[in-house]
Amino acid sequence: MTTTTLGTTTGTVLEASGVTMRFGGLTAVRDVSLTVGSGEIVGLIGPNGAGKTTFFNCLTGLYVPTEGAVSYKGTRLSRKPHLVTQAGIARTFQNIRLFANMTVLENVLVGRHTRTKEGLWSALLRGPGFKKAETTSEERAMELLEFTGLAHKRDHLARNLPYGEQRKLEIARALASEPGLLLLDEPTAGMNPQETRATQDLVFAIRDRGTAVLVIEHDMRFIFNLCDRVAVLVQGQKLVEGTPDIVQADERVIAAYLGTPVENGNGNGNGDSTAETAEEASKTNTAETAEAADEETGDTP
Amino acid sequence: MIAMTTTITKTTAPGAPAVLPLPERTARITTAAAALATALTTSLAWTWSNDFPGELTYYGSPAGLQILTLVGGILTLLLAAAGLGIRGLQWLTPGGRNAPVLLAALATFAATWFTLISIAVQLGGLVNLEPGGFLAGATSLITLVAALGLPADHTPDTPPAGAWQRFTTSLAASPVRSRTRELPGWAEILIIAAAFAAGLLAFTYGIDTDDGAPFVGFLVFMVITIPALNRAGLIKRLTELTHAHRGPALCAAFIAAASFPFTQDTDQYTIIGANILIFATVALGLNVVVGLAGLLDLGYVAFLGVGAYAAALVSGSAESALGIQFPFWAALLTGAAASLVFGVLIGAPTLRLRGDYLAIVTLGFGEIFRIAMLNLNGTTGPDVTNGAMGIPNIPNLEIFGFNFGEPHDILGIPVATYGNYYLLMILVTAFVVLVFRRAAASRIGRAWIAIREDETAAIAMGINSFRLRLMAFALGAALAGLAGTVHAHVVTTATPEQFQFAGPQPPNSAFLLAAVILGGMGTLSGPLVGAALLFLIPAKLDFLQDYQLLLFGIALVLLMRFRPEGLIADRRKQLEFHETGQLDVPDQQRLPDADATIGVTKAKA
């Protein structure tokens with residue numbers, strides 16, 4: 001099984017096909033397909049409320065998608081979020097979610113949970129295996145803290161770190177689960193340009209360690225500098241996908257962000273905010289995404 | 001007056017205000033001298049009649065409440081002498097210099113005047129006081145007045161407006177200086193041993209005092225003395241030492257606790273000791289559930305009940321439905337296993353809930369247990385528990401021919417029934433302490449804390465939240481069941497009414513939770529201290545009767561208002577509740593550029 005998996009899908013880490021997520025009558029994500037190859041940095045952009053984070057939650061099992069399938073390295077993913085992490089997908093959160101009252105080192109050690117096995121009995125009996133596992137875990141955690149430049153803060157409480165370092169710690173914690181794919185949800189939100197540049201370098205370094213990265217971001221310069229491929233999500237649907245150059249040049253992307261000129265719409269001047277117009281706009285988008293889908297299938301093999 | 005304040009200004013930190021404008025050195029010397037005099041008055045008779053509890057009538061032998069005054073006087077003297085710069089006493093005040101003197105003087109004053117007033121009230125008039133009593137009152141008052149003349153340890157940013165503000169400024173805590181020289185390891189361990197011995201003495205004194213006025217005097221004294229030691233920085237220093245020598249410290253604590261029954265002649269107070277240990281052990285088990293995993297369990301006493309009933313059923317009691325007698329080790333395992341199974345059965349459906357919902361469901365299950373035990377009486381259900389009558393006449397334990405019901409000479413000292421149970425419970429408590437420590441400092445313990453901190457993030461880190469919560473629930477239940485087996489033999493009956501949600505007697509769910517929160521959630525010693533206080537105080541203040549719960553409620557509200565992290569604060573909790581007093585301020589922030597270069601070098605590949 002594993003050999004065939006390796007043989008057929010070499011290079012593909014994540015494959016999401018036709019992911020749809022409905023909350024009651026609201027369709028937050030509609031039929032989105034995306035692949036991430038190994039050693040790739042893929043960006044996911046889109047206006048606020050486009051469904052980027054919902055799509056992330058579908059990938060990590062926090063939400064169970066209404067339709068569609070997600071597979072990691074050729075194996076279909078379980079619907080339990082902790083099993084997704086165990087399989088090899090780690091994530092960070094849009095609004096930082098550290099274990100605020102644990103130390104920096106402890107935070108990273110929690111990240112190693114899926115890669116260690118010591119249970120309650122082992123903890124109570126404290127055999128040699130327990131000590132060995134704890135030492136190894138600590139070594140690995142310190143390695144990651146060195147990597148992210150937080151080693152000197154190992155005994156600080158996470159809540160006391162400055163904002164930028166909290167972001168880094170979240171990344172270190174995610175890396176501790178030795179993921180094959182790292183999902184970053186707006187890693188540079190609220191950062192100054194220097195910090196953003198540092199994060200960019202950090203993401204490159206993560207890629208060089210052999211971890212593929214899928215990143216949501218609003219900072220266009222960051223995303224276009226960083227990513228090998230960018231997908232644009234608008235109103236729950238994938239509008240276009242391609243290299244940064246293609247995406248940047250695409251008029252529909254510009255329209256999605258800045259709005260279409262009035263004469264290109266339906267001539268309905270006062271209807272900008274009504275649901276009808278949004279519905280119509282999404283219909284026109286659906287027509288257009290067919291093209292985008294072609295593009296994508298062209299990319300994957 | 002202006003001249004006086006200027007002299008103070010010259011001798012200490014500029015502008016440090018005192019409550020009373022006295023010259024600093026005069027104030028200090030007067031405090032020390034008056035404190036010595038106060039200590040000496042305890043060898044005089046304070047009253048002539050033996051109607052007041054405690055033998056306060058003899059010359060030359062301080063007794064009863066006089067001991068508080070004696071200890072307080074000596075403590076004030078030593079602290080004041082340390083402030084005078086006497087060599088060899090400096091170690092007493094690594095923190096503040098003057099705040100502890102003031103607090104110790106206040107404690108001495110309060111204890112002395114409390115004694116005198118209660119003599120006058122109880123025996124009907126000041127005529128019952130001997131000259132020694134008046135002298136003690138006068139000297140302790142002078143000590144306090146002189147101590148009020150000591151300047152505050154540090155100058156506030158804004159000068160205090162009134163006398164009350166000057167008073168609170170004088171009591172403010174100071175940072176503890178780091179140690180100037182390292183002591184050899186054995187000396188540090190000796191200090192730890194001495195501290196635990198002092199703790200045992202204080203506890204023994206407290207538990208041995210007569211109910212009523214003497215115990216209230218003890219409480220008043222301790223409530224002021226402990227902050228005095230804290231302000232002096234001694235408690236922080238001791239904590240540092242116990243952290244440096246964890247093994248010896250635990251050992252010393254164990255020995256100190258185990259030697260309690262040997263200080264007792266009768267079983268009058270060892271039964272309180274044994275019950276405190278049962279209560280504390282269950283509270284520590286609850287701390288796994290509430291403190292570590294963050295699951296609010298309002299029906300925890302049911303697990304104590306399951307253990308107790310399981311032990312009662314296999315105890316060989318004539319009324320037991322099973323009518324079999326297990327050896328103790330088997331009964332212990334039966335109790336723990338029964339609780340474990342019960343914990344898993346309750347946990348499996350309820351732990352899918354979060355927060356408030358879980359609390360409500362556990363509250364319900366706690367009551368279901370009690371009512372089920374009531375109804376398994378042969379008429380409304382199968383006859384298992386004998387209903388409201390419970391299972392009485394549970395025989396005493398017997399381990400290897402050692403009958404717990406009979407007095408034994410251990411190391412030449414007679415130890416009676418409850419002393420035996422106390423010693424057994426010490427072993428059980430030590431075991432639970434070990435389990436708690438080891439579980440907390442492991443992968444599992446970290447996962448529990450992670451779930452408590454942020455469950456979504458914990459799940460995203462690959463933690464199987466449900467499984468780990470169930471594990472915490474089951475472990476907590478098993479530990480309570482363990483304590484329950486001994487509980488059944490100490491109380492000799494198992495009735496449903498012992499295991500209520502709330503009631504005036506301590507082992508109930510509300511008191512257990514209060515012990516954990518009062519003592520300090522997530523800490524090892526917190527629930528032990530909280531449980532000891534919550535058991536001891538109601539047991540000794542029996543004369544208050546109906547007002548007990550009222551006072552308990554008021555005390556709880558005040559404590560949560562002024563010290564929400566509990567008596568023994570977890571470092572984390574302290575930071576959580578007192579944002580301004582950060583102990584762990586991040587050191588100088590690194591420049592983003594420096595970080596960038598690290599990333600760049602790694603990214604160059």
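Chain A has 12 helices and 10 strands, and this is a predicted model. Of its 301 residues, 46% count as buried. If you look at contacts in chain A between residues at least 6 apart in sequence, 68% of them join residues at least 24 apart. Below, we go through how chain A splits into domains, two of its backbone oddities, two helix pairs in chain B, and a glycine of chain B that touches chain A.

**Domains of chain A**

- The domain assignment cuts chain A into domain 1, covering 11–88 + 179–259, and domain 2, covering 100–178.
- Taken over C-alpha atoms, the centres of domain 1 and domain 2 of chain A sit 26 Å from each other.
- Where the two meet, domain 1 of chain A puts in 10 residues and domain 2 of chain A puts in 10 residues.
- On the domain 1 side of that contact in chain A, α3 (81–87) and α8 (193–208) each supply at least two residues.
- The largest share of that side comes from α8(A), with 3 residues.
- By class, the domain 1 side that touches domain 2 of chain A has 6 nonpolar, 3 polar and 1 charged residues.

**Positive phi in chain A**

- A:D31 has phi near 50°, a positive value in a residue other than glycine.
- You'll find A:D31 in strand β2 (residues 26–37) of chain A.
- A:D31 has 17 other C-beta atoms within 10 Å, so it is partly exposed.
- A:K73 also has a positive phi near 50°, again in a residue other than glycine.
- A:K73 belongs to the loop between β4 (67–72) and β5 (75–76) of chain A.
- With 21 other C-beta atoms within 10 Å, A:K73 is buried; the cut-off for that label is 20 or more.

**Helices α11 and α20 of chain B**

- Helix α11 (residues 270–292) and helix α20 (residues 525–540) of chain B have axes that come within 8 Å and cross at roughly 140°.
- That angle makes α11(B) and α20(B) oblique to each other, since only angles over 145 degrees count as roughly antiparallel.
- The crossing of α11(B) and α20(B) is right-handed.
- From α11(B), the contact residues are B:I272, B:N275, B:I276, B:F279, B:A280, B:A283, B:L284 and B:N287.
- From α20(B), they are B:P527, B:L528, B:G530, B:A531, B:A532, B:F535, B:L536 and B:A539.
- Sorted by class, this contact of α11(B) with α20(B) has 13 nonpolar, 3 polar and no charged residues.

**Helices α15 and α18 of chain B**

- Helix α15 (residues 417–440) of chain B packs on α18(B) at an angle of about 175°, with the axes 11 Å apart.
- α15(B) and α18(B) are therefore roughly antiparallel to each other.
- On the α15(B) side, the contact is made by B:Y421, B:L424, B:M425, B:V428, B:V432, B:V435 and B:A439.
- On the α18(B) side, B:L475, B:L479, B:L482, B:A483, B:V486, B:H489 and B:V490 take part.
- The contact of α15(B) with α18(B) comes out as 13 nonpolar, 1 polar and no charged residues.

**B:G462, a glycine touching chain A**

- B:G462 lies in the loop between α17 (455–460) and α18 (465–491) of chain B.
- B:G462 counts as buried because it has 27 C-beta neighbours inside 10 Å.
- Leaving out residues up to four places away in sequence, B:G462 touches A:H82, A:T85, A:Q86, A:H113, A:T114 and A:S177.
- From B:G462 to B:L340 is 26 Å in space, C-alpha to C-alpha, and 122 residues in sequence.

Technical notes. Residues are numbered from 1 along each chain as its sequence is written. Chains are lettered from A and ligands numbered from 1 in the order in which they are written. This is a predicted model: local features need pLDDT of at least 70, side-chain atom pairs count only at pLDDT 80 or more; totals for chains, interfaces and linings use all residues. Axes are lines fitted to C-alpha atoms, for helices over the stretch in contact, and angles run from 0 to 180 degrees between N-to-C directions. Helices (H or I, at least four residues) and strands (E, at least two) are DSSP runs, numbered from the N terminus. Angles under 35 degrees count as roughly parallel, over 145 as roughly antiparallel, 65 to 115 as roughly perpendicular and the rest as oblique. A crossing is left-handed if the near helix is turned anticlockwise from the far one by less than a right angle, and right-handed if clockwise. Two residues are in contact if their C-beta atoms, placed from the backbone, lie within 7 Å. Ala, Val, Leu, Ile, Met, Phe, Trp, Tyr, Cys and Pro count as nonpolar, Asp, Glu, Lys and Arg as charged, and the others, Gly among them, as polar. A residue is buried if 20 or more other C-beta atoms lie within 10 Å of its own, exposed if 12 or fewer, and partly exposed in between; C-beta atoms are placed from the backbone. Domain bounds come from an automatic or database domain assignment.
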